[in-house]
Amino acid sequence: MNAQPLKAETATDRHPLAGQAMSGAEVIVQVFAGEGVEVMFGYSGGAILPVYDAVFRYNAEHPRANGGEAMPLIVPANEQGAGFMAAGYARASGKVGVAVVTSGPGATNMVTPVRDSMADSIPLVVICGQVGTAAIGSDAFQEAPISNIMGACAKHVFLVTDAAQLEATMRTAFTLARSGRPGPVVVDVPKDVQNTALAWRGSGELALSGYRTRLRTVEQATLSDTDCAALFTALMRAQRPLIYAGGGVIAAEAADALRAFVDAFGLPVTTTLMGLGGFDSTDPLALHLLGMHGTAYANYAVEDCDFVLALGARFDDRVAGVPDKFAPRAKFIAQVDIDPSEIGKVKAVDWHHVGPLTRALDRLTAYGRAHGLHPQLTAWHARVAELKRAHAMNYDRASALVQPYAVLEAINRHTQGRAIVSTGVGQHQMWAAQYFDFRAPRHWLTSGSMGTMGFGLPAAIGAQFAHPDKLVIDIDGDASIRMNIGELETVTTYNLPVKVVVLNNVGDGMVRQWQKLYFKGRFAASDKSLHKKDFVLAAQADGFAWAQRLERTEELEATIAAFLAFEGPAFLEVMIDPDAGVYPMVGPGASYAQMITGDFIPSRAAPVAHEDSPSHMF
Amino acid sequence: MNHTLSILLQNEAGALVRVAGLFAARGYNIDTLTVAATHDPAVSRLTLSLQCDDASLSQILQQTRKLVDVLQVAHPATALAA
Ligand SMILES: Cc1ncc(C[n+]2csc(CCOP(=O)(O)OP(=O)(O)O)c2C)c(N)n1
Ligand SMILES: [Mg+2]
């Protein structure tokens, strides 16, 4: 691979440090600086010490105006925490998240966040120390085959064996992470490469001609008049058109373009778990979440619609569990995505476009306006409003036990969809998705595709670094938070005003819900009533000055107000009704028509009895 | 159906593993595989054959094109060149 300057260097775009002698480690840090890295997350160890030392020296030499460090290196309890902090930072800011870890166990602890970020298309650059090039393949101390392991789960992995390529490789890693469909890029750097004496060039990336050619084709793709006409012909024929918006709307920063398209043509919008915030959920045309635990009204709208426009969404099995039965009345399905492999992967579509979403939406809006196209959707709008009214989210409001939904509604009354919310994985995650409002992109941080328990707390920490002045709340489960509970101490170490809520149902509630439905209520390994942890004491031990347990409904409003008003780190454990379920639910292998809505959300069809068979999809 | 693919690959550490790993991870069984040098020492040519239906073929072609070291993927029988 040849490092090539992207354009001919001229005297003016020569980097001021060009020609300066630097070690490989210093080159890594200098590329970080050039890429605008303002914080990084990582844990030290033998094989990464040169880079850590270079970061230390860089920060000593480049104090910020306020005296802070230029590139603080935030230390977690476990490298998995560092990876999810970098991911939380990236999700909340839209910038590339950076993590730096040592070889062997440091790097393998990073596998889960890398895979998680790949599955949710989150841009990361992860630097792993590696044993010296001469020792690679010798079963050296703390050696692991990171290029093999990460190659299977990252967008790309580089093993830098030629120090002369280090600078170009580092810069290319950032380009790869953020371009096209974003994702995590791992750079494995042997210790001797970090110590090699190099001369800083200041520009140049790897050629990667295959990748760049394909990227250019996608980025330059435009919609012709014929393409636009085909889509609008179908749209003008439709009576019940629907937009199905996914995480691509967030990744592409296309929320404003989507808003303008909806304002122009009046299509209602349902969002996936990853798409929440891509369209203001309080809008009359917003149907909120669809899918396995989507709102009943969104799922009924999907059942009823006759036209689907999928935007940055991939018909995954939590949305289209049975692809043939998804949107069964749709006569026309259109799909826009940045990734050609997503077109038709799950469901055949009638029209598609591979290209940047914002430009595609802007073009469609301009075309439709120029041709005076105004779909007549009054009847459909009335029907959507009626679906939202008749099948609204609801729960047992008279219960003496604290209902998790009530907790979330109370928090939402304060935050109004403006707080940054992260979650663990399980029932609490789905309740947060259902009961919170989402007004803008990058306020909802959840492990969507991988569903990784332990994501919530470190992701909240990373998000707080991205937005020091914003309210960041981790809505966590008693089991999920245990996975990375060491990061409670990270919150107080850095005095982050993160608000941590644990909805404690004494166990793996989501697992129990499935065991109730499909395993005759045998709670194998999902009950935690013998567990002894006192979460409030644990939080206090980690330095939380505000840590309380909420057990009584009468205290709910006042406690939540005090919790959210506290200036520093705050921890709230809520003992919730352990039997609270997540409804609606479209079971695995079921169609939306077979959705069960529970006892408090009216269903429009008699519930279909669930098959008493174990699922292969959990 | 039997398909033969021809892949031009940058000669990078781990590049072959990533191609083989992609096919394995997505449930494709490679029947035959040869790797040959090209006139450019930085580029290798992979020729591989596998059994799959047309929909699966187009999916694995698209997925292979997402690998960063892959320069070109061709399915000579249908001329589905990258
Ligand atoms: C790392 C990991 N291990 C296992 C699972 C499977 N799983 C999904 S939800 C869940 C239970 C989560 O319990 P908790 O965090 O208390 O949330 P709850 O459902 O009770 O709200 C489990 C074990 C997972 N998603 N992630
Ligand atoms: Mg729980």
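A:Q142 is found in the loop between β6 (124-130) and α6 of chain A, where helices (H or I, at least four residues) and strands (E, at least two) are DSSP runs numbered from the N terminus. Although A:Q142 is not a glycine, its phi is positive, about 55 degrees. Most residues other than glycine have a negative phi, and most peptide bonds are trans. The peptide bond joining A:Y583 and A:P584 is cis, with omega about 0 degrees, and A:P584 belongs to the segment after β22 of chain A.

A word on how to read this. This is a predicted model, in which local features need pLDDT of at least 70, side-chain atom pairs count only at pLDDT 80 or more, and totals for chains, interfaces and linings use all residues. Residues are numbered from 1 along each chain as its sequence is written, chains are lettered from A and ligands numbered from 1 in the order in which they are written, and side-chain values use heavy atoms, with hydrogens and water left out.

**Two sheets in chain A**

Let us start with the sheet that holds β6. Here six strands make an open sheet in the order β4-β3-β5-β6-β8-β7 (chain A), and the pairing is parallel; two strands pair if DSSP finds at least two bridges between them. β4 (73-74) and β7 of chain A are the edge strands with a single partner each, so one side of each has no neighbour in the sheet. Four bridges link β7(A) to strand β8 (residues 184-190) of chain A in the parallel sense, and A:L159 has A:D188 in β8(A) as its bridge partner.

Another open sheet of six strands follows the order β18-β17-β19-β20-β22-β21 (chain A), with parallel pairing. Its edges are β18 (444-445) and β21 (546-550) of chain A; each has a single partner strand, so one side of each is left without a neighbour in the sheet. Strand β17 (residues 420-423) of chain A runs parallel to β18(A), joined by two bridges. A:V421 has A:W444 in β18(A) as its bridge partner.

Which helices touch these strands? The table lists four of them, with contact meaning heavy atoms within 4.5 Å. Axes are lines fitted to C-alpha atoms, for helices over the stretch in contact, and angles run from 0 to 180 degrees between N-to-C directions.

| Helix of chain A | Strands of chain A touched | Angle |
|---|---|---|
| α5 (residues 111-119) | β6 and β8 | about 145 degrees to β8(A) |
| α7 (residues 166-178) | β5 (97-101), β6, β7 and β8 | about 165 degrees to β8(A) |
| α16 (residues 404-415) | β19 (472-477), β20 (499-504) and β22 (570-575) | about 175 degrees to β19(A) |
| α18 (residues 456-466) | β17, β18, β19 and β20 | about 175 degrees to β19(A) |

**Where chain A meets chain B**

In this interface, 19 residues of chain A are in contact with 17 residues of chain B. The two chains bury about 1400 Å² between them, 52% of it on carbon and sulfur atoms; buried area is the accessible area (1.4 Å probe) that two parts lose on being put together, summed over both.

One salt bridge is counted between chain A and chain B, that is, a side-chain nitrogen of Lys or Arg within 4 Å of a carboxyl oxygen of Asp or Glu. The side chains involved are those of A:D339 and B:K66, at 2.6 Å, N to O. On the side of chain A that touches chain B, α6 (146-151), β7 (156-159) and α9 (209-220) of chain A are the elements that give two or more residues. α9(A) gives the most, with four residues.

**A link within chain A**

Over all chains, the count is 31 salt bridges. One of them joins the side chains of A:R442 and A:E253 at 3.0 Å, N to O. A:R442 sits in the loop between α17 (427-435) and β18 of chain A, and A:E253 in the loop between α11 (247-251) and α12 (255-265) of chain A, so the pair ties together parts that are 189 residues apart in sequence.
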